[in-house]
Amino acid sequence: TRFRAAYGTGFHGPTFNDLFFPGFGNPDLKPETSESIEGGIEQGFLSDRIGLQATYFYNRFEDLIIFDSTTFLPDNIGKAASNGLEIGLQIRPFKAVTLSTNYTLTDTENRENDKELPRRPRKKANATLSISPMESLNIDLELHYVGKRFDDTSNINELDPYTLVNIAGRFDVTKGVQVFARIENLFDKEYEEV
């Protein structure tokens, strides 16, 4: 059993474009500061053929820099916070097969208006099935889920959730030569990222 804990502070200054891009800059932006804390536990089972992790995190922001989709300008949120839980599971039933998954549940709060922070999904999940039928060949099938999130600080415009499937393969031709291929969005899902 392994226990983990971390504490950190952060500083993020506005970019030149955030401040001065013609028609879309905000010269009044303040730098963003943050404070974060997290704690977690990891446990292996069956000679580490199964691994389980859980992490709790908390972040506090002052002058958080966001893009305001109602004014089309970058802006500051004076006080904001996010906290949540991430759970991960890895299963290796056979030497050549590994399944890795994780799920994140996040609560966010704009402490100026008690709304959710824009563009931060409440739920996210990932899964990867990795198969190595021979030592020189590896195939990964990935699934990514991004849940609903708001596009604005007023929490009026909600963005739809989406799920993507990707596939990748790698073949070692020789010790120094490797061929790989990757298909993003295998099923041609229509979605938008901000």
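This is a dialogue about how to read some features of a predicted model.

Reader: Where should I begin, and how many helices and strands does the protein chain have?

Author: A good starting point is the list of elements, taken in order along the chain. In this predicted model the protein chain has one helix and eleven strands, and the order along the sequence is β-α-β-β-β-β-β-β-β-β-β-β, with the helix placed after the opening strand.

Reader: What radius of gyration does the protein chain have, and what would a compact globule of 194 residues have?

Author: The idea is to set the value for the chain beside the one expected for a globule. A compact globule of 194 residues would have a radius of gyration near 16 Å, whereas the protein chain has 21 Å. The C-alpha trace spans about 60 × 40 × 35 Å along its principal axes, and buried residues make up 28% of the 194 residues. The exposed surface of the protein chain comes to about 12,700 Å², of which carbon and sulfur atoms supply 57%.

Reader: How many salt bridges does a search of the whole structure find, and which residues are linked in a network?

Author: A salt bridge is read from the distance between a side-chain nitrogen of Lys or Arg and a carboxyl oxygen of Asp or Glu, which must lie within 4 Å. The search finds ten salt bridges, and R2, R4 and E42 are linked in a network of them. E42 meets R2 at 3.7 Å, N to O, and this pair joins strand β2 (residues 32–45) to strand β1 (residues 2–12), with the two positions 40 residues apart in numbering. E42 also meets R4 at 2.7 Å, N to O, and here the partners, again in strands β2 and β1, are 38 residues apart.

Reader: Is R2 in that network buried or exposed?

Author: Relative accessibility decides this, with exposed meaning over 50%. R2 has 59% and therefore counts as exposed, while R4, at 32%, counts as partly exposed, and E42, at 23%, is partly exposed as well.

Reader: What is the nearest side chain of opposite charge to D152, and how far away is it?

Author: For a charged residue, one can look for an oppositely charged partner and then for other contacts. D152, in the loop between β8 (149–150) and β9 (158–159), is buried yet has no salt bridge, since the nearest side chain of opposite charge, R119, is 8.3 Å away. The side chain of D152 does reach the backbone nitrogen of N157, at 3.3 Å, and, leaving aside neighbours within four places in sequence, D152 is in contact with S69, P118 and N157.

Terms used
Residues numbered from 1 in each chain as written. Predicted model: local features only at pLDDT ≥ 70, side-chain atom pairs only at ≥ 80, totals over all residues. Heavy atoms only, no water. Helix = DSSP H or I, 4+ residues; strand = E, 2+ residues; numbered from the N terminus. Buried < 20%, exposed > 50% of the residue type's maximum accessible area, 1.4 Å probe, protein only. Lys, Arg positive; Asp, Glu negative; His and termini not counted. Polar contact = N/O pair within 3.5 Å; in protein donor to acceptor, adjacent residues only side chain to side chain. Contact = heavy atoms within 4.5 Å. Rg over C-alpha atoms; globule rule 2.2 N^0.38 Å. Areas by Shrake-Rupley, 256 points an atom, 1.4 Å probe, with all protein chains shown as cover.
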